[in-house]
Every structure is written in structure tokens, then in C-alpha cells.
Amino acid sequence: EDGRRQTIGPLTAYLGCVPPNDARPMDVKRFCRAALIDPLTGEDLGLPLVGTLDLVLPEANGPLIVDFKVVARNSPPLEIAQEVDLACQTYLLRAAYGIPETGVEVCQLVKTKTPQIAWRRFTARETIHFRRFFAVISTYLDDWRAKRFVFRPGIGGSSGDCRTWWCPDG
């Protein structure tokens with residue numbers, strides 16, 4: 001319920017910016033599940049990728065994924081910081097529709113006194129993106145199977161809070 005409410009605001013604001021004669025969305029808040037099979041090697045990693053596509057819009061050459069982010073301040077999203085998320089979304093879309101995306105758009109709802117909408121479009125994911133994505137997933141799985149916990153800070157740097165008590169010497 002909370003996630004749904006958080007999505008409705010950005011979606012409403014976003015659609016308010018879209019010309020009324022634009023095509024209707026193909027999907028809104030679509031739940032997806034796909035087996036993680038490395039497209040380069042064919043290796044089945046033995047677990048599914050599960051996620052939700054916020055918005056899928058039709059374009060002349062295929063679907064456009066729109067990913068909503070609620071942020072405190074307006075700063076352009078960096079592609080490298082979003083790379084795993086963008087790869088997850090495109091992998092799920094390709095599994096659900098069987099066709100590649102034309103691009104991915106990150107739409108930020110900026111929680112300011114007067115809410116703002118900021119978006120940035122990224123190109124369709126290519127082989128190099130999926131090579132890096134599956135390298136990250138494979139490394140996580142290798143560490144998990146070895147019962148090794150390796151800190152990997154996220155965008156919020158949350159693992160930094162744990163470092164002092166988990167690894168006092170590091």
C-alpha cells in the first residue's frame with residue numbers, strides 16, 4: 001500500500017507533463033519474474049530476478065521503461081550509479097515482452113516545497129551492460145555460497161554504518 005501510494009504521486013505528476021495526445025501506457029506497475037540466465041554464457045544462475053516496472057510506454061521502435069525515484073533534491077541521476085537498477089529493469093522487460101527496450105527514463109519526483117519533476121533518458125542496454133550486471137550478480141552469489149559477507153555500499157552508503165562494528169580493523 002505504501003509503495004503504491006508513493007508511485008501514484010510521481011505517476012500523476014509525470015502524466016501531467018505528458019501531452020494528452022501521447023500514446024497510452026503499455027503497463028503500469030507491472031510485477032515481473034524471470035530466471036537469471038546469463039545471456040552471454042547461457043548459464044542459469046539458479047534463482048529468479050523479481051521486480052516491478054513502474055511504467056512502460058510504447059514508442060515507434062519498442063517500449064520505453066520509466067522508473068520513478070522519489071528524491072530530496074534535484075540532481076541528475078548518474079548512469080553508473082543506476083546501472084544495476086537499469087539492467088534489472090531492462091532484463092525484466094525483455095523477459096516479459098520478448099523484445100528490447102528503446103531506452104530507460106529515470107523520472108525523479110523532487111520533494112521540495114513546490115514538487116518538481118526531473119527526468120533523464122538513458123539508451124537501451126547493450127551487451128557490455130549485461131556483462132557487468134551478471135558479473136555483479138555472480139560475485140554476490142559466489143560470496144554468499146562461500147558464507148562470506150562483503151560490504152558493497154549502495155547509493156546511500158548504508159554499509160558504512162556497519163563497518164565500525166563489523167570490521168573494526170578495516
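**Aromatic contacts around helix 3**

R30 lies over the face of Y97, 5.2 Å from the ring centre. The model is predicted. Elsewhere, ring pairs join Y91, F130, F133 and F134 into a cluster.

**Helix 3**

- Helix 3 covers residues 127-145, 19 residues in total.
- From the first C-alpha to the last, helix 3 reaches 27 Å, close to the 27 Å expected at 1.5 Å a residue.
- The buried residues of helix 3 are H129, F130, F133, F134, I137, L141 and D143.
- An α-helix has 3.6 residues a turn, so residues three or four places apart point the same way.
- K147, just after helix 3, takes a positive phi of about 55°.

**Aromatic pairs**

- The count of aromatic pairs comes to three.
- One of them joins Y91 and F134, with ring centres 5.6 Å apart and planes at 65°. This pair is edge-to-face because its planes are over 60 degrees apart.
- The Y91 and F134 pair links distant parts of the chain, with Y91 in helix 2 (residues 79-97) and F134 in helix 3, 43 residues apart.
- F133 and F134 also form an edge-to-face pair, at 5.1 Å centre to centre and 80° between the planes.

**Burial of the paired rings**

- Y91 has 13% relative accessibility, and it counts as buried because this value is under 20%.
- F134 has 1% relative accessibility, so F134 counts as buried too.
- F133 is buried, as is F134.

Notes. Residues numbered from 1 in each chain as written. Predicted model: local features only at pLDDT ≥ 70, side-chain atom pairs only at ≥ 80, totals over all residues. Heavy atoms only, no water. Helix = DSSP H or I, 4+ residues; strand = E, 2+ residues; numbered from the N terminus. Expected span 1.5 Å × (residues − 1). Buried < 20%, exposed > 50% of the residue type's maximum accessible area, 1.4 Å probe, protein only. Phe/Tyr/Trp six-rings, centres within 6.5 Å; stacked < 30°, edge-to-face > 60°. Lys NZ or Arg CZ within 6 Å of the ring centre and 35° of its normal.
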